[in-house]
Amino acid sequence: MNEAPRIAVVVFPGSNDDRDAAWALGALGADPVLVWHAEPELPDVAAVVLPGGFSYGDYLRCGAIARFSPALGAVARFAAAGGPVLGICNGFQILCEAGLLPGVLRPNVSLSFICRDVPLTVENAATIFTARCEPEQRLTIPVKNGEGCWFADPALYAELEARGQIVLRYAEPVNGSIGDVAGIVDRAGNVMGLMPHPEHAVDPLLGSADGALILASLVDAARDRSAAVV
Amino acid sequence: MRATVLVRPKEGILDPQGQAVEEALRHLGFHIGQARVGRVVDLEVAATDPADARAEVERMCSQLLANPLIESYEIELEPA
């Protein structure tokens, strides 16, 4: 069976990249389905994307309130069962606040909102999210956030590094992230978060199509999963 | 009871907001050391027993109001 795998894009109040993510996934061969955050269950999907935006106005701390959305409970169960989950920007912040990914995202050291293409290095090309990348490949993908500075204490950081959980690094200092970390995976390898926006880099017309490598890797993983389940 | 929760960036955690405030205050001519910026949450708690109220606010802090990786908190209670 080679049908387009269904991928949920969870929509929170304040999400603003949900449709961009859905469009990009569709362009890369998936069948995206938008899921409102109040849904207590996910539809039958093979992967989940938590999109960028400012869920709940980023009140308190970014992602801190969205993690209590009913849909997040369903996403946590999906992840625990091995389902691929990708959090982009605000989605990454939510996954950290929910404890599905280690560390936390803090205001950029410059305190400014950073919106530009950034160079990235693929540190781990053996994840399901980077399967289409080469080890140490240089990617160009835009960031657009005020709170993209990832933090973990030295012990946690060393542990993640030793286990290959650091997946993407900025190739130049961008926002003060510990170790210039731009993207990480969880220990099991099926939950990833990244601050850059791959969905905004899937067509050369927009300056770079490097984001397609990450999203198409996710679509591949979703396709494998639907084939395995059927 | 009334509860006041003071949430602060943990010691040693870089606080760019505090640094910006610090610089602005120096710019205004104030002679200051370090400035740190946290947040205050004022709460009305249904519990009337101080120990119960504190236990409840502790749970609020650990579940939502503070992120233990980067923030510490203090709870102050007073009768409503």
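This report describes a strand pair, two loop residues and a chain contact in a predicted model.

Residues are numbered from 1 along each chain as its sequence is written, and chains are lettered from A in the order in which they are written. Because the model is predicted, local features need pLDDT of at least 70 and side-chain atom pairs count only at pLDDT 80 or more, while totals for chains, interfaces and linings use all residues.

In chain A, strand β6 (residues 114–122) pairs with β7 in the antiparallel sense over 8 bridges, where strands are DSSP runs (E, at least two residues) numbered from the N terminus and pairing requires at least two DSSP bridges between them. Within this pair, A:D117 stands opposite A:P142 of β7(A). In a regular strand the side chains alternate between the two faces of the sheet. Along β7 (residues 138–145) of chain A, A:L139, A:I141, A:V143 and A:N145 point to one face and are buried, whereas A:R138, A:T140, A:P142 and A:K144 point to the other and are not; buried means 20 or more other C-beta atoms within 10 Å of the residue's own, exposed 12 or fewer, and partly exposed in between, with C-beta atoms placed from the backbone.

Two loop residues have a positive phi although neither is a glycine.

| Residue | Phi | Loop in chain A | Other C-beta atoms within 10 Å |
|---|---|---|---|
| A:L111 | about 65° | between β5 (104–106) and β6 | 12, exposed |
| A:E136 | about 65° | between β6 and β7 | 10, exposed |

Finally, 8 residues of chain A are in contact with 8 residues of chain B, contact meaning C-beta atoms, placed from the backbone, within 7 Å. The chain A side that touches chain B has 6 nonpolar, no polar and 2 charged residues, with Ala, Val, Leu, Ile, Met, Phe, Trp, Tyr, Cys and Pro counted as nonpolar, Asp, Glu, Lys and Arg as charged, and the others, Gly among them, as polar.

Key: Helix = DSSP H or I, 4+ residues; strand = E, 2+ residues; numbered from the N terminus. Contact = placed C-beta atoms within 7 Å.
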